[in-house]
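Thanks for sharing this one. Below are some numbered notes to read alongside the coordinates.

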Amino acid sequence: MTGKKRIAVVIGSTRPTRICGGIAAWARDSLQKDSDLDYDLIDLAEIALPFLDEPVKAALQQYEHEHTRAWSKLVQSYHGFLFVFPQYNWGYPGVLKNALDYLYREWHDHPASLLTYGTRGGGKAAEQFISILHGLHMRVLDTHVEAVITDQDVDDDWQLRDLDSTLRPNRAQLRKIDEEMAEALSDSQ
Ligand SMILES: Cc1cc2nc3c(=O)[nH]c(=O)nc-3n(C[C@H](O)[C@H](O)[C@H](O)COP(=O)(O)O)c2cc1C
């Protein structure tokens, strides 16, 4: 046990050919550098939640399914969250919304930020997602990242040619997120 506060970096795309895993791992490594916090990846593809199948609303925490109890336990083991996800048709991925909807109180009061990406940075997805985080009573940090990924950054299979050089311009924003996350957590136990 390090005693450090734990932050989940959530991989918010589950497509088999996704670029999200690499982007989230890069973000985790950038955040971890010189940080007093512990950043971990959570992969929604591995969690593999079905479409929300709990009979009772999450606010009551009467979970019928083992997958919900396991997800609740995992989320409760973190103090803060960075959600990493692409813009899909001007919105956020449904799989991410589904994962959020499974729980309610587990999200409350935890600091949260996001890293979106798309040909213009995924700002439309970011805007919608931030309002959901407010709906879940999360403490939305001032800073989030909108990473621009153009056709020049990817090969014919839409895989990033050079992840680090594409994402490097966002490093300063990630440092700010780490600082804001640490500050938000310094006044909570
Ligand atoms: C369903 C779908 C919708 C998309 N919509 C957008 C969009 O609105 N804006 C954008 O910039 N890119 C859009 N794209 C392109 C994605 O940015 C690109 O496919 C990216 O690789 C998706 O992230 P992922 O590979 O991690 O799933 C879309 C891709 C998919 C699969």
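1. Let me start with the pairing of β1 and β2. In this predicted model, strand β1 (residues 6–11) runs parallel to strand β2 (residues 38–43), and 6 bridges join them. Val 10 is a handy landmark here, since its bridge partner in β2 is Ile 42. Together with α1, these two strands form a β-α-β unit that is right-handed.

2. On its pairing with strand β3 (residues 80–86), β1 is again parallel, with 5 bridges. Ala 8 sits opposite Phe 81 of β3. You will find β1 mostly covered, with 5 of its 6 residues buried.

3. Val 10 deserves a second look. Leaving aside residues up to four places away in sequence, Val 10 touches Ile 42, Leu 44, Phe 81, Leu 82, Phe 83 and Val 84. Val 10 is also one of the residues with the most contacts inside the largest nonpolar core, a group that includes Val 9, Ile 23, Ala 27 and Phe 83. That core has 48 residues, and its largest share, 6 residues, comes from helix α1 (residues 20–32).

4. Now to α1 itself. This helix has 13 residues and reaches 18 Å from its first C-alpha to its last, close to the 18 Å expected at 1.5 Å a residue. Which of its residues are buried? They are Cys 20, Ile 23, Ala 24, Trp 26, Ala 27, Ser 30 and Leu 31. Viewed down the helix axis, the buried residues of α1 fall within an arc of 160°, so they line one face. The general rule is worth recalling: an α-helix has 3.6 residues a turn, so residues three or four places apart point the same way.

5. What do the buried residues of α1 pack against? Their partners are β1, β2, β3, β4 (111–118), α6 (163–167) and α7 (171–186). Following α1 comes Asp 34, with a positive phi near 60°, which you may like to check in your viewer.

6. Moving on to β4, 8 of its 8 residues are buried. Pro 111, Ser 113, Leu 115 and Tyr 117 point one way from the strand, while Ala 112, Leu 114, Thr 116 and Gly 118 point the other way.

7. The neighbours of β4 are worth tracing one by one. With β3 it runs parallel over 6 bridges, and Phe 83 stands opposite Leu 114. With strand β5 (residues 139–140), β4 pairs in the parallel sense over 2 bridges, Ala 112 having Val 140 as its bridge partner. Strand β6 (residues 145–148) is joined to β4 by 4 bridges, also parallel, and there Gly 118 stands opposite Val 148.

8. β3, α4 and β4 make a right-handed β-α-β unit. In helix α4 (residues 94–101), the buried residues are Val 95, Leu 96, Ala 99 and Leu 100. These cover an arc of only 140° around the axis, which puts them on the same side of α4. They pack against α2 (44–47), β3 and α5 (123–135).

9. One last spot to inspect is Gly 122, in the loop between β4 and α5. Is Gly 122 buried or exposed? With 27 other C-beta atoms within 10 Å, Gly 122 is buried. Gly 122 lies 35 residues from Gln 87 in sequence, yet their C-alpha atoms are 4.8 Å apart. Not counting residues up to four places away in sequence, Gly 122 touches Pro 86, Gln 87, Thr 116, Tyr 117 and Glu 146.

Conventions
Residues are numbered from 1 along each chain as its sequence is written. This is a predicted model: local features need pLDDT of at least 70, side-chain atom pairs count only at pLDDT 80 or more; totals for chains, interfaces and linings use all residues. A nonpolar core is a set of buried Ala, Val, Leu, Ile, Met, Phe, Trp, Tyr and Cys residues joined through C-beta atoms within 7 Å. A residue is buried if 20 or more other C-beta atoms lie within 10 Å of its own, exposed if 12 or fewer, and partly exposed in between; C-beta atoms are placed from the backbone. Two residues are in contact if their C-beta atoms, placed from the backbone, lie within 7 Å. Two strands pair if DSSP finds at least two bridges between them. A crossover is right-handed if, with the strands pointing away from the viewer, the path from the first strand over the helix to the second runs clockwise. The arc is that of the directions from the helix axis to the C-beta atoms. The expected span of a helix is 1.5 Å times one less than its number of residues.
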